[in-house]
Structures are given as C-alpha cells and as structure tokens.
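Hi,

Here is the structure I said I would pass on. Have a look at it first, and then read my notes below.

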Amino acid sequence: SLLLFAACICTFSVASIGCSSGNGGGGSAGTGGTGGSAGMDGFGTIAGLVSLVDGEELADVDIKAAGLTTTTDSRGIFMLEDVPAGTVNVLVDEPGYTRGHRRVVVEDGQSRTISLKVLPKQTMSLADASAGGVVTGPDGVQLTFPAGAFRDANGDPVSGSVDVLYALVNTSANMAAAPGGMIAAQSDDELPLESFGMVDVTFAQNDQPLSFDGTAELSFPLYA
C-alpha cells in the first residue's frame, strides 16, 4: 500500500473531535446530541453489543442515548428501556475509547438491536499546556498546540502536563469505530461522509477531562 500523509487545521471547541479528509474537501465527523427527534410518540427499547473492532467484547462501558445511561454487562451487552420514539443517537461514553456511535430509529413498543465498535486510545503527553507545543505518536499522528488554549471544567486556563488521548482511524477495517455518525447536513438533506482517515482526540489532566479553546494543526498517515 502507498503511505501518504494528511494535514489539516482543526478548531477544538469541545474535549472530543474527529478530523476527516474526504471527497469534496473532506468534513468533520461530529457525534451530535443524544436526544430523540420530535414528532413521534411512545417509547421503545434499544439492545446492543459493544466490542473492539477485532471483536473483543467490552464490559462495564457506559452507553448514553436520549438522556438515558446504562452500562454493558460482562459480555458487552446493554439494554436501554423507555427510549423516546424517534431518531436517537446512541453513544459509547467511556474514557480511553473512541465514542462509538449509531443513529437508531425507535418506534413505539418496538425493540432495536445494534452493535457498537470502538478503538482503544493511545496517550501522548504535552509537557506544558501554558506553553503549547508539538506531540507525536508512534503511528505518525502529530498535533501542534498553541499556548494557553486548554481549559478545565470551570473554564480556567490550565498549566502543566496534559494527556492527549487519541485513536487513529485510517483503514477500512477500523472505520466502524469512527467517532461520529458520518453524516453531513446540507439544507434539509443528510448526506453520508466519505473519509480517508480521522483522529479521535480527547484531553485530560490528572484523569479530569479538559476542553480546548483554540486552533491546532493535525497530521496523520493515510494508506491509499
């Protein structure tokens, strides 16, 4: 296979992003909210299995949808009951993994069964958040951060070392773990995104999540 590199400038306004390079100049793979759509009455059930891309089942993983939260059992299985009818975003919300995501149409009195795939994240360390700098992973992912752009839960600037947790999604095999719905909105239509690669990134300090208020430069390898 041919090894290429993609570079993009990403504006991080929340703790998690996905950056993609696709047809028509690429696009962002956003996770969106977890609420159901209006216009449908009643409640249904969503059951599912959470696993790594290689098939390993994941226990004790948090699942969120439509304001509801549950946890997978020892076999990676979960069930959400009394989910409002409509289109619902189901998310894996577990530190250390990509945010597995599925859009599900829930109908009154019906049960839907889905599967969610995730990838484990690797950790890079930025020496000083107040100074900014460059971090590079063993797989070629590189992020360049400006000075003073990290924020804690109160919105205050952060100094000192910051953990940069990331997962590279750049092959067809692991695209099932893409951190978003891979849907773009255009006027009243929803269009599928085609991606050649993306990186799911979150930030933490002393195991507490951080947000990022600024623009970072990201480069990562692509295989064509």
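Let's start with F203, which counts as buried because its relative accessibility is 2%. Keep in mind that this is a predicted model, so everything here is computed from predicted coordinates.

F203 has aromatic company. Its ring and that of F150 have centres 5.1 Å apart and planes at 80°, so the two sit edge-to-face. This pair links distant parts of the chain: F150 belongs to strand β13 (residues 150–151) and F203 to strand β17, 53 residues apart. Like F203, F150 is buried.

I also searched the whole structure for aromatic pairs, and six turned up. Among them is F145 with F203: the ring centres are 5.7 Å apart and the planes are at 80°, so this pair is edge-to-face too. F145 lies in strand β12 (residues 142–145) and F203 in strand β17 (residues 198–205), so the contact ties together parts that are 58 residues apart in sequence. F145 is buried as well, with a relative accessible area of 5%. Add F212, and you have one aromatic cluster made up of F145, F150, F203 and F212.

Now stay on strand β17, where you will also find D200. Is D200 buried or exposed? It is buried, because its relative accessible area is 0%, and the cut-off for buried is under 20%. What does the side chain of D200 contact? One partner is the side chain of K121, joined to that of D200 by a polar contact of 3.1 Å. In addition, a polar atom of the D200 side chain lies 3.4 Å from the backbone nitrogen of R99. For a sense of how the chain folds back here, D200 and L119 are 81 residues apart in sequence, while their C-alpha atoms are 9.6 Å apart in space.

Last, a sheet for you to look at. Three strands make up an open sheet with mixed pairing, in the order β6-β3-β9. At the edges are β6 (77–84) and β9 (111–118), each pairing on one side only. On average, neighbouring strands of this sheet are turned by 25° against each other, direction ignored. Strand β3 (residues 43–52) runs parallel to β9, and eight bridges join the two. If you want a spot to zoom in on, I46 has R112 in β9 as its bridge partner.

Cheers

Note on methods. Residues numbered from 1 in each chain as written. Predicted model: local features only at pLDDT ≥ 70, side-chain atom pairs only at ≥ 80, totals over all residues. Heavy atoms only, no water. Phe/Tyr/Trp six-rings, centres within 6.5 Å; stacked < 30°, edge-to-face > 60°. Helix = DSSP H or I, 4+ residues; strand = E, 2+ residues; numbered from the N terminus. Buried < 20%, exposed > 50% of the residue type's maximum accessible area, 1.4 Å probe, protein only. Polar contact = N/O pair within 3.5 Å; in protein donor to acceptor, adjacent residues only side chain to side chain. Pairing = 2+ DSSP bridges. Axes fitted to C-alpha atoms, helices over the stretch in contact; angles between N-to-C directions.
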